[in-house]
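User: Please take a close look at one part of this model, the small open sheet and what surrounds it. Walk me through it in one connected answer.

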Amino acid sequence: MHMIGRRVFDGELGRQAVVARELGSPFVAAVLEAAQRQLGRAPLTAALIAHWSGDPSSAALAMRLNAALHALARRDAMPALSALYQYRHDDYDGAIGAALAAEDDFISTWMRDTPQTNEVGRAAAVAAALMVARRKTGLPFELLELGSSCGLNLNLARYAYDLGGIAAGVADSPVRIAPTWRGSPPRLAPIAVAAARGVDLNPLDAGDDATRERLLSHVWADQPQRASRLEQALALARLHPPRVDQGNAVAWLAERLDAPQQAGLCRAVFHSMVLQYLAEEDRRTIANLIRRAGVRATARRPLAWISFEWTPTRSEVQLSLTCWPTGETHCLAKCHAYGDWIDWRQPAPPIAPVHAHEKTV
């Protein structure tokens with residue numbers, strides 16, 4: 001029975017279908033709507049969603065289910081589901097209902113793991129924030145990333161960017177990121193990274209085939225340009241493996257911020273779409289750790305904090321930057337959740353001198 005035309009707005013999947021459509025993915029929206037209608041055919045998955053202990057939206061349960069279905073479609077084990085994802089029919093309810101019934105155990109098991117999209121498109125926003133910080137400090141960066149997943153965004157200095165007509169990064173990089181830009185472009189500054197290190201509870205290996213499949217399954221099926229960019233970033237990461245430690249973000253950050261900071265480097269802590277998966281107490285602790293480190297910052301050992309996260313009401317994604325020793329905070333932009341567009345708000349600060357003899361990766 002073809003039910004692409006009948007939308008549902010009740011239930012977590014139906015509500016997140018609205019969000020997916022607003023974010024430019026009508027296919028994912030239709031998948032989630034069909035999954036909401038057919039959820040009774042997957043009792044384990046239905047129970048997992050119904051009895052989730054936290055906020056299902058913050059935990060991205062709908063995106064977990066969508067990725068599980070996409071993973072099944074990519075395996076070609078269910079012809080009707082694969083054909084749906086290849087746009088060879090539009091019987092959403094038939095294909096997705098059958099998949100839910102046959103693969104309930106696989107889907108519910110997949111959904112217990114935190115999403116690891118490692119969306120490379122968000123690197124453009126982080127890079128733009130780094131350019132603002134660079135113009136304030138005049139120094140290259142030591143990057144510290146929370147929730148690094150595969151570490152692809154630790155390689156952000158190796159990517160090419162078009163930021164509102166401003167070319168930045170490495171011009172001949174195979175990874176090219178050009179978000180739709182709203183507002184004035186940022187002022188150009190070097191994206192110079194001397195060291196980059198991240199942490200994740202479950203670091204992924206860019207050279208592992210299972211990792212590649214998992215990450216590609218989290219890319220929305222009607223956005224092939226994102227998948228292509230991810231493939232290029234994974235290939236680059238195999239040539240330049242990012243350093244991602246396995247561990248708890250709070251303990252790791254405390255240790256890294258207590259470590260001596262080299263003079264002439266700006267230590268920059270950044271995270272993108274990570275805080276929503278942490279407990280409130282951990283979010284407060286991370287903020288306090290960074291602020292206490294900021295008190296110790298100096299002009300030769302400055303600290304920057306870059307956040308690409310949903311607002312508490314999940315009304316928009318904001319890119320914010322705080323720089324010490326001054327402690328100034330700016331909301332630099334409103335952004336698409338995956339970095340497809342950036343609404344830039346921040347005028348460029350006065351330029352700082354660029355120091356010679358910078359060590360970059």
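**The open sheet and its surroundings**

Analyst: Strand β2, residues 160–163, pairs with β4 in the parallel sense, over two bridges. One residue pair to look at is Ala160 and Arg176: Arg176 in β4 is the bridge partner of Ala160. Keep in mind that this is a predicted model.

Now the whole sheet. Three strands form an open sheet, in the order β3-β2-β4, with mixed pairing. β3 and β4 stand at the edges with a single partner strand each, so one side of each has no neighbour in the sheet. As background, strands of a sheet pair through backbone hydrogen bonds, either parallel or antiparallel.

A helix covers this sheet region. Helix α8, residues 123–137, packs on the sheet and touches β2, β3 and β4. The direction of α8 makes about 80 degrees with that of β2.

Next, the link between the edge strands. Ser173 sits in the loop between β3 (166–169) and β4 (176–177). Is Ser173 buried or exposed? Ser173 counts as buried because its relative accessibility is 5%, and the cut-off for buried is under 20%. The Ser173 side chain reaches the backbone oxygen of Arg158 at 2.7 Å. Leaving out residues up to four places away in sequence, Ser173 touches Arg158, Tyr159, Ala160 and Leu236. Ala160 is thus a shared point: Ser173 touches Ala160, and Ala160 has Arg176 as its bridge partner in β4.

Go back along the chain to the loop that precedes α8. Asn118 is found in the loop between α7 (104–110) and α8. Asn118 has a positive phi of about 45 degrees, although it is not a glycine. Most residues other than glycine have a negative phi. Asn118 is also buried, with a relative accessible area of 8%.

Two other places have a positive phi. Asp76, just after α4, takes a positive phi of about 60 degrees. Helix α4 itself (residues 61–75) has 15 residues. From first C-alpha to last, α4 reaches 22 Å, close to the 21 Å expected at 1.5 Å a residue. In α4, 13 of the 15 residues are buried, so the helix is largely enclosed by the rest of the structure.

The other place is Arg314, in the loop between β9 (303–310) and β10 (317–324). Phi of Arg314 is near 55 degrees, a positive value in a residue other than glycine. Asn118 is buried, whereas Arg314 is partly exposed, with a relative accessible area of 25%.

How values were computed. Residues are numbered from 1 along each chain as its sequence is written. This is a predicted model: local features need pLDDT of at least 70, side-chain atom pairs count only at pLDDT 80 or more; totals for chains, interfaces and linings use all residues. Side-chain values use heavy atoms; hydrogens and water are left out. Helices (H or I, at least four residues) and strands (E, at least two) are DSSP runs, numbered from the N terminus. Buried means under 20% relative accessible area, exposed over 50%, partly exposed in between (1.4 Å probe, protein chains only). A polar contact is a pair of N or O atoms within 3.5 Å; within protein, one must be able to donate a hydrogen and the other to accept it, and residues adjacent in sequence count only if both atoms are side-chain atoms. Contact means heavy atoms within 4.5 Å. Two strands pair if DSSP finds at least two bridges between them. Axes are lines fitted to C-alpha atoms, for helices over the stretch in contact, and angles run from 0 to 180 degrees between N-to-C directions. The expected span of a helix is 1.5 Å times one less than its number of residues.
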